[in-house]
Amino acid sequence: MTQGSRLYFALTVLMCAFVSINGVGLNDLLERASQLSDKLHSLSTSLTNDLDSHFPPVGRVMMPRPSMCHTSSLQIPNDKDQALKIPEDELLSLARSLLLAWSDPLALLSSEASSLAHPERNTINSKTKELQDNINSLGAGLEHVFHKMGSSSDNLSSLPFYTNSLGQDKTSRLVNFHFLLSCFRRDSHKIDSFLKVLRCRAAKKRPEMC
Amino acid sequence: MRNSGVVLILTFIAKLISQAAGVSAPDKPRLTSCRSPEKETFTCWWEPGDDGGLPTTYALYYRLENSETVYECPDYRTAGENSCFFNKNDTSLWINYNITVVATNALGKNISDPVEVDVAYIVQPNTPENVTAVVVDDQGPFVRVSWEKPRTADTRSGWITLLYQLRVKQEKDKEWEEYDAGMQKYYNVFSLHPDKEFMVQVRCKPDHGFWSEWTQPTYVKMPDYIPRERSLWIIITIFSIFIILILTWTLNVKRNSVKLCLLPPVPGPKIKGFDKQLLKSGKSEEVFSSLVIQGFPPTIGYDDLLVEYLEVYDNEEQELVLDSKDLSEVCMKSKSLSDCDSGRGSCDSRTLLLEKCMEGREGSGSDQHQYSQHGETSCTSTESSECQGLEPGSPESSDGRVKTWPVVFSSPQPHHHYQVEAVKPVYHSVPEILNRSSPHAMPTNYHQLHHQDIPQQEGRFSKPACRHSQSYNQFNLDGLDTPAPGVSPSRSLEYVEVQRVNPENMLLLRPLSDPNREPEGSDYAGEDYSKVKEVTSNNILLLQRDTYHQCVDDYSQDLDSQAGQCTTQQPPHPCKPVIYQSNSGMPQEGMRVMGNGYVDSTVLMPSY
């Protein structure tokens with residue numbers, strides 16, 4: 001074999017390996033990300049249930065409307081047809097933007113959880129901390145997915161969160177906590193749905209899963 | 001004012017009339033639930049209240065969260081009575097629907113409580129379809145249940161993810177056996193009882209949502225079969241029985257060697273030269289002939305030498321003890337070391353010997369060589385502990401001499417013998433001593449003993465509180481160890497042979513070297529003991545030898561170089577008075593002459 005053909009051969013092998021590894025890696029990454037997002041949403045649901053168990057009726061009246069969530073400005077698909085039309089990288093950036101938008105609010109929630117005027121305070125506190133950890137790992141995972149996917153542009157939407165405190169009195173604090181949590185619960189469902197769509201799109205080798 | 005009054009009165013009258021008629025406005029309807037089977041459409045159901053007797057219409061109105069526009073339900077029919085079906089176009093995810101139902105009849109209307117609905121949270125899929133249960137006979141019969149996803153759910157695109165669950169039971173059972181199948185659409189059910197009919201049901205649930213309804217039961221009949229495990233156990237049982245049979249047969253064949261291995265024979269005592277068969281045959285003379293040590297003194301009168309003679313000492317002769325302190329201690333030690341059967345003297349002889357060991361150790365270096373042949377080491381080795389056990393302050397006696405003491409006792413095996421010595425009657429040992437002594441040792445014994453010059457030790461040896469016989473023995477031993485009798489204080493030991501112990505607890509001794517010693521030629525008639533003739537000023541006990549020609553008089557210690565005298569009275573003279581000299585270190589009362597003229601041997605402990 002000549003030197004050139006040898007080099008070509010080596011390059012081909014490397015590329016094949018890289019591609020194959022890449023493909024498998026993305027699948028597994030998305031699988032893992034889906035699991036994390038699933039966990040995230042389950043946690044938020046259980047937190048909401050804990051809060052609802054001893055929520056004052058007046059709080060429900062005081063509750064702000066869901067459109068007041070700080071992520072409501074993000075344009076997301078609202079049904080399946082719309083969602084399936086969106087390309088993968090856009091879906092991924094949507095998920096990542098949402099995720100990013102919640103790192104600060106969750107920090108606030110976690111700091112306020114310990115002083116909530118609620119009988120289930122301890123459980124809420126621990127679950128909020130767990131939520132924070134999960135979000136961080138999911139964010140990191142999605143970073144990897146993003147790099148794996150090799151998108152050219154990184155168009156993350158910025159969804160700033162300007163609130164510094166949940167309120168002055170304990171009732172408003174509780175109500176705001178509940179409200180923030182409900183916003184997060186919805187957003188986590190969005191993220192989970194998007195990632196699972198992405199997962200099935202990438203899992204061409206495993207049709208039985210989708 | 002008037003108009004309003006009229007209106008009021010009219011309303012009141014109308015109410016009365018309607019009440020009289022039994023009709024009224026409808027009651028408030030109630031929204032019971034809203035469900036979405038595939039996350040694309042959803043349906044809401046309400047429960048109508050009392051219609052008030054009049055035909056009532058119901059209308060559902062909804063409002064989306066981010067607008068104030070009120071919409072009415074697009075489809076009241078698809079989902080059945082009292083329901084509202086939202087199709088794909090009207091369904092939006094992640095938006096709150098504010099839904100109310102209005103019941104209207106001729107007399108009025110009523111609005112239900114509003115309900116906030118987010119379609120994403122109300123997903124409940126349809127039941128799975130095409131549930132099949134098939135018996136598979138691969139590796140033991142089991143049932144493979146397979147199904148399909150509900151038609152409407154779009155899992156392919158990942159829009160909705162379904163998890164499945166199935167349950168199995170027999171017709172008559174009360175409890176279901178539930179299994180989780182995850183996302184797969186089949187499941188293998190094992191461990192179902194053979195020849196029984198089972199019913200299977202499947203349901204599913206989205207990743208975040210509600211469980212669907214159970215499918216209609218699917219029946220499956222298990223075939224009749226013998227579980228493979230049973231046949232395997234049968235084979236194992238047969239094989240093990242076979243193995244056990246083989247083992248039993250082998251054990252039976254090798255019965256003897258097994259017995260030997262498990263129950264080893266207890267070794268019986270083996271006496272060298274002892275022929276058991278010969279004993280059984282009844283010829284005792286031949287049997288014992290091998291046991292008899294050559295040159296052993298005649299056994300005549302050995303009966304007399306038994307137990308009795310041991311108890312020669314007198315306990316209250318404490319004053320005769322030179323070193324009472326030491327002696328008592330040594331006595332204690334000896335007592336501790338020995339058992340107190342009839343042969344008390346023998347019990348202690350060992351300890352006494354030990355003392356001798358200690359005492360004699362330092363003294364005669366010259367004596368060493370004599371005793372070396374007897375195995376000094378034996379003493380040191382066997383009794384080192386005991387020797388050391390003696391008082392630290394014990395004066396060093398002539399080791400060599402003392403050391404041979406035990407050796408003397410045990411002719412063939414000094415070491416061994418010495419060990420046994422503690423329980424052997426003294427009489428046993430004495431003859432041995434006599435055996436080993438040289439006839440000429442006697443006179444020098446005195447010398448030897450005298451030159452030992454261990455005053456304290458004398459006291460040590462003479463322990464009235466202890467066994468007299470022991471002291472006696474030691475005394476004898478020392479005497480025996482001396483070389484030529486009466487010649488010079490050579491370092492050889494002269495042993496005296498105890499001929500017998502007569503009924504009066506007297507040891508009849510005679511020197512081993514005595515040519516007249518031969519048992520046959522000895523004249524045992526008459527008195528065998530020696531009487532004390534007198535006690536000289538030098539604490540010398542002069543024994544009077546009586547009719548018996550064999551005298552034992554070797555154990556004399558001449559402190560004042562009167563050994564010569566003593567030695568002159570050596571065994572060749574059968575009835576020489578035995579001179580016992582108490583140790584110089586001993587108090588004068590070390591010698592005790594008993595009323596009947598016999599020597600108190602305990603007092604006469606030779607001191608080295």
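This passage describes the interface, the pocket, the cavities and the salt bridges of a two-chain model. The model is predicted; local features need pLDDT of at least 70, side-chain atom pairs count only at pLDDT 80 or more, and totals for chains, interfaces and linings use all residues. Residues are numbered from 1 along each chain as its sequence is written, chains are lettered from A and ligands numbered from 1 in the order in which they are written, and side-chain values use heavy atoms, with hydrogens and water left out.

Chain A brings 28 residues to the contact and chain B brings 27. Contact here means heavy atoms within 4.5 Å. The size of an interface is often given as the accessible area lost when the parts come together. The two chains bury about 2,400 Å² between them, with 51% from carbon and sulfur atoms. Buried area is the accessible area (1.4 Å probe) that two parts lose on being put together, summed over both. On chain A, 26% of the area buried against chain B comes from A:Asn78, A:Lys80 and A:Arg186, more than from any other three residues.

Six salt bridges cross the interface of chain A and chain B. A salt bridge is a side-chain nitrogen of Lys or Arg within 4 Å of a carboxyl oxygen of Asp or Glu. One of them pairs A:Lys80 with B:Glu40, where the closest N and O atoms are 3.3 Å apart. Twelve residue pairs, both at pLDDT 80 or more, are in polar contact between the chains. A polar contact is a pair of N or O atoms within 3.5 Å; within protein, one must be able to donate a hydrogen and the other to accept it, and residues adjacent in sequence count only if both atoms are side-chain atoms.

Helix 1 (3-53), helix 3 (80-85) and helix 7 (170-202) of chain A each supply at least two residues of the side that touches chain B. Helices (H or I, at least four residues) and strands (E, at least two) are DSSP runs, numbered from the N terminus. Helix 7 gives the largest share of that side, eleven residues. The side divides into ten nonpolar, six polar and twelve charged residues. Ala, Val, Leu, Ile, Met, Phe, Trp, Tyr, Cys and Pro count as nonpolar, Asp, Glu, Lys and Arg as charged, and the others, Gly among them, as polar.

The largest pocket holds about 940 Å³ of space. On a 1 Å grid over the protein atoms alone, a cavity is a set of points where a 1.4 Å probe fits but cannot get out, and a pocket is an open set with protein on both sides within 12 Å along at least five of seven lines; lining residues have an atom within 4 Å of a point. Grid points are joined across faces, edges and corners, and a volume is the space filled by probe spheres set on the points. Of the 28 lining residues of the largest pocket, A:Arg60, A:Pro66, A:Ser182, B:Asn96 and B:Glu116 lie nearest its centre. Helix 7 of chain A gives the largest share of this lining, six residues.

Over all chains, the salt bridges number 21. Among them is A:Glu88 with A:Arg201 (3.3 Å, N to O). A:Glu88 lies in helix 4 (residues 88-101) and A:Arg201 in helix 7 of chain A, so the pair ties together parts that are 113 residues apart in sequence.
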